[in-house]
Amino acid sequence: MKKTPKSYWNHRVLAHKYKNEVILEIHEVFYTDGIPDSYTEQAIGLSGDSIKELNQTLTWMRKCLKKPILHYGKRFPEVYKPKSISLH
């Protein structure tokens, strides 16, 4: 019997190359069996029908800041290794 792949998503920071700069944006990243296989084309913003819902989304977004940054584009899902990043 063939096993059904486990699919899920979470928020991740993706590194976009733009001209001579790297821009970091939060996207929804989709996984199959624990391996990132796609992402939203556009970075995501905050929206919701209540402050509680906005707060939950912010909590998920904060969690993604602790995970490795992934490349956007042809090198996805390779981990982006910046020379230095300041989160402040």
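## A tour of a four-strand sheet and its helix

Begin by selecting threonine 32, which stands opposite isoleucine 35 in strand S3. The model on the screen is a predicted one. Widen the selection to residues 21-32, which form strand S2, and to residues 35-39, which form S3. These two strands run antiparallel and are joined by four bridges.

Next, select the turn. S2 and S3 make up a hairpin with two residues between them. Aspartate 33 lies in this turn and has a positive phi of about 55 degrees.

Now display the whole protein chain as a cartoon. The chain contains one helix and four strands. Read from the N terminus, its elements follow the order β-β-β-α-β.

Colour the four strands separately. Together they form an open sheet in which the order is S3-S2-S1-S4 and the pairing is mixed. S3 and strand S4 (70-71) are the edge strands, each pairing on one side only. While the strands are in view, a general point may help: side chains in a regular strand alternate between the two faces of the sheet.

Move to the other end of the sheet and select residues 7-18, strand S1, together with S4. Which way do S1 and S4 run relative to each other, parallel or antiparallel? They run parallel, with two bridges joining them. To see a bridge pair here, select leucine 14 and its partner in S4, leucine 70.

Add residues 51-64, helix H1, which packs on the sheet and touches S1 and S2. The direction of H1 makes about 60 degrees with that of S1.

Within H1, select threonine 57. Is threonine 57 buried or exposed? Its relative accessibility is 12%, and a residue under 20% is called buried, so threonine 57 counts as buried. To see what surrounds it, show His11 and Leu46: threonine 57 is in contact with both, leaving aside its neighbours within four places in sequence.

Finally, return to the whole chain and show its surface. About 7,100 Å² is exposed, and carbon and sulfur atoms supply 55% of that area. Of the 88 residues, 23% are buried. The C-alpha atoms fill a box of roughly 50 × 35 × 20 Å along the principal axes. Among contacts with a separation of 6 or more, 40% come from residues 24 or more positions apart.

As a last selection, colour the charged residues. There are 15 positive and 9 negative charges, and their mean positions are 8 Å apart.

Methods: Residues numbered from 1 in each chain as written. Predicted model: local features only at pLDDT ≥ 70, side-chain atom pairs only at ≥ 80, totals over all residues. Heavy atoms only, no water. Buried < 20%, exposed > 50% of the residue type's maximum accessible area, 1.4 Å probe, protein only. Contact = heavy atoms within 4.5 Å. Areas by Shrake-Rupley, 256 points an atom, 1.4 Å probe, with all protein chains shown as cover. Lys, Arg positive; Asp, Glu negative; His and termini not counted. Charge placed at Lys NZ, Arg CZ, Asp CG, Glu CD. Pairing = 2+ DSSP bridges. Axes fitted to C-alpha atoms, helices over the stretch in contact; angles between N-to-C directions.
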